[in-house]
Number of protein chains: 2
Amino acid sequence: MLYKCFEKREWWLISATIKDVAAAAGVSVGTVSKLINKSGYVSDKIRERVLLAITLLNYQPNAVARSLKQSKTHLLGLIVDDISNPSITKMMKSIEDAARNKSYNLIICSHNNDSDQEMKAFQWLQEKRVDGIIAIPTGAELDELQLPSSIPIMTVERKVKYNRFYSVVHENIHSSFSLVQHLYIHGCRRLLFIHGPLLDHVEQERHQGIRQAIGQLGLDPELQIFLEAGTDIASISGAVSSHLGSSGLPEGIYATNRLSLAGTIQALWSMDIKVPGDVAVAGFGDIDPYGILRPTLTAAKEDFNEVGKIAAEILFERIENKMRYNQPKEFIVAPRLFIGTSCGSHSHS
Amino acid sequence: MLYKCFEKREWWLISATIKDVAAAAGVSVGTVSKLINKSGYVSDKIRERVLLAITLLNYQPNAVARSLKQSKTHLLGLIVDDISNPSITKMMKSIEDAARNKSYNLIICSHNNDSDQEMKAFQWLQEKRVDGIIAIPTGAELDELQLPSSIPIMTVERKVKYNRFYSVVHENIHSSFSLVQHLYIHGCRRLLFIHGPLLDHVEQERHQGIRQAIGQLGLDPELQIFLEAGTDIASISGAVSSHLGSSGLPEGIYATNRLSLAGTIQALWSMDIKVPGDVAVAGFGDIDPYGILRPTLTAAKEDFNEVGKIAAEILFERIENKMRYNQPKEFIVAPRLFIGTSCGSHSHS
DNA sequence: ATGAAAGCGCTAACAC
DNA sequence: GTGTTAGCGCTTTCAT
């Protein structure tokens, strides 16, 4: 029974097809398909024969053919800024977990904050006919005409101009306010704010939180300094160093994102400035994944795990209910405010 | 000309097919295909008509159908232990870069060191007919019969028992030796070795390097202590704390992997032990991605970037030359020995 | 230079 | 219960 397929193809290189299995078992392809997909009944004798043939031929169903037929790939597209960004990988992990539960796989693309690459990623995923997309947009306006209209899309973490997608983002304004307030409570009246370019909504909102805090806490605006320090740690560290060198120490420093925070710490260490002794420090982001930094930092830590989980949940719901159309709808996740010892609080250990 | 496709399908939901384009442009599908793939000549008038139709219909070729026809998915499978492991993500990034250059996308699966999940990942990728696979194996023996025989596979970072694959791994023995030697040079004669379970070749080889060093440096074996501390930071930290509490301080500590190293640091900080004042510390791995830890750690840092690059290069070469068969062949990447201040060396800043 | 048609491997509707 | 067959969207060979 089996010889047919043996002579027909180089079976040790090309994997067996459903046809080979059917021939080997002496049944029709329909029967094999029914058995594999548990659709329809198959008698026990035949079931056994088919199962044997499958094992013997080491048959692996061709998911490409199945996808073509069913218009369903069981693939999720994930577009991120940088696949090696430690914060983002937490989100990738929670999305992957959700995907695995549903027997989905992930195609991951990164755009490195280049909007051309972003478009390309969307295009690739659309051509591959993924069942859904979760994307951290560059923030550039997305040319909607070129975007897949028939694939459910979730944007996460960053807002898109004129957004028309479901999105999950972190709360920023209040968290930012709280950090300033925390510095205030610890006696800081002259603050230095290290931030990045105010291009995306994240930096803008954190900035807004700062301004609100300055107003409501009655801080003297003249004494507060804003320093836009750059987008990579080395240059941020340099900018902070030279600022502190020329302008002297504030009472407190608040860095609005993980890179600014890391660069600030590097600068302080290099100048041998003690925290919190010489200056209090607070920031946004988690730059200590291994929990080995002392003093521990007071920081608003984004809950990327949760963002990914929510995005995946909603996406799967939309996929399963065939809600292909996109519409603006926003979900907000609150960062956790972690009180460390970097502002003078005592550790509770 | 265009109306046909408009009435034929819900074109705003289902994307246009090559047939729609052909109909709209009044040509045959073959011609459209030729144009898209730049195979064969198309006259200028027709080219223009077809291009117009493509734009008008916002046609995106269906990569699933193309893959089925060509037996080529332009997809690479990547199997890792943990998608959020910061070391591993560097490797993922370099592989993704290489893939993007070749217009390939990545399907990323993680197995969390569970060999069942590992098998499942291989199976999924095989069903999806990826063109190649790069995998960090669990280390468990792989059931070769169930493994794709027609897909080129690269294993990285960990060795598989009875390996029959191309693999790229880090050098361990000599690097481990060097770390012990470095501690020795800084005067340490009583050492504590914090390590993980000796299950995979990585820990085994690093262990071997230690034993070689003890022998060749003439360290008194009686004074050297090995502590297997666990596999997660919290429990490692606990184990180290309680060991130090009961047995007192050695002169130097060498942690053989990133988790052991992080756990050790946590334990030292929590007991208020100064490094390098009270004890010298060296280790394997990079636990300070943001460069903010003081003292800076003397450590052997794996070059995951390089491992990924090499693996991708070889894999693409095999894919392009249709070298589908796997065979045992090993490539070795040397970690970089980074001299920090944690053993008493002076920083050169 | 363009069209016609076979077929990639599979599923699902229908026939027996 | 099981077999037959059309067709998913595309590429490619062969006519013309």
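Of the atoms of DNA strand D within 4 Å of the protein, what percentage belong to sugar or phosphate, and what percentage to bases? In this predicted model, 67% of those atoms belong to sugar or phosphate, while the rest belong to bases. The protein surface around DNA strand D is made up of 24 residues, and the points below describe that surface before turning to a serine in chain A.

**Residues around DNA strand D**
- Among the 24 residues that surround DNA strand D, the closest are Thr31(A) and Ser43(A) from chain A, together with Ile18(B), Tyr59(B) and Arg66(B) from chain B.
- By residue class, the surface near DNA strand D divides into 10 nonpolar, 10 polar and four charged residues.

**Side chains at the phosphates**
- In chain A, a polar side-chain atom of Thr31(A) is placed 2.5 Å from a phosphate oxygen of DNA strand D.
- In chain B, the side chain of Tyr59(B) has an N or O atom 2.6 Å from a phosphate oxygen of DNA strand D, and a polar side-chain atom of Ser33(B) lies 3.0 Å from a phosphate oxygen of that strand.
- The elements giving two or more residues to the surface near DNA strand D are α3 (29-37) and α5 (63-70) of chain A, and likewise α3 (29-37) and α5 (63-70) of chain B.

**Ser94(A)**
- Ser94(A) sits in helix α6 of chain A, which covers residues 86-101.
- Ser94(A) counts as buried because its relative accessibility is 8%, and the cut-off for buried is under 20%.
- Apart from neighbours within four places in sequence, Ser94(A) is in contact with Phe304(A), Asn305(A), Gly308(A) and Lys309(A).

Conventions: Residues are numbered from 1 along each chain as its sequence is written. Chains are lettered from A and ligands numbered from 1 in the order in which they are written. This is a predicted model: local features need pLDDT of at least 70, side-chain atom pairs count only at pLDDT 80 or more; totals for chains, interfaces and linings use all residues. Side-chain values use heavy atoms; hydrogens and water are left out. A residue is near a molecule or strand if one of its heavy atoms lies within 4 Å of it. A polar contact is a pair of N or O atoms within 3.5 Å; within protein, one must be able to donate a hydrogen and the other to accept it, and residues adjacent in sequence count only if both atoms are side-chain atoms. Helices (H or I, at least four residues) and strands (E, at least two) are DSSP runs, numbered from the N terminus. Ala, Val, Leu, Ile, Met, Phe, Trp, Tyr, Cys and Pro count as nonpolar, Asp, Glu, Lys and Arg as charged, and the others, Gly among them, as polar. Buried means under 20% relative accessible area, exposed over 50%, partly exposed in between (1.4 Å probe, protein chains only). Contact means heavy atoms within 4.5 Å.
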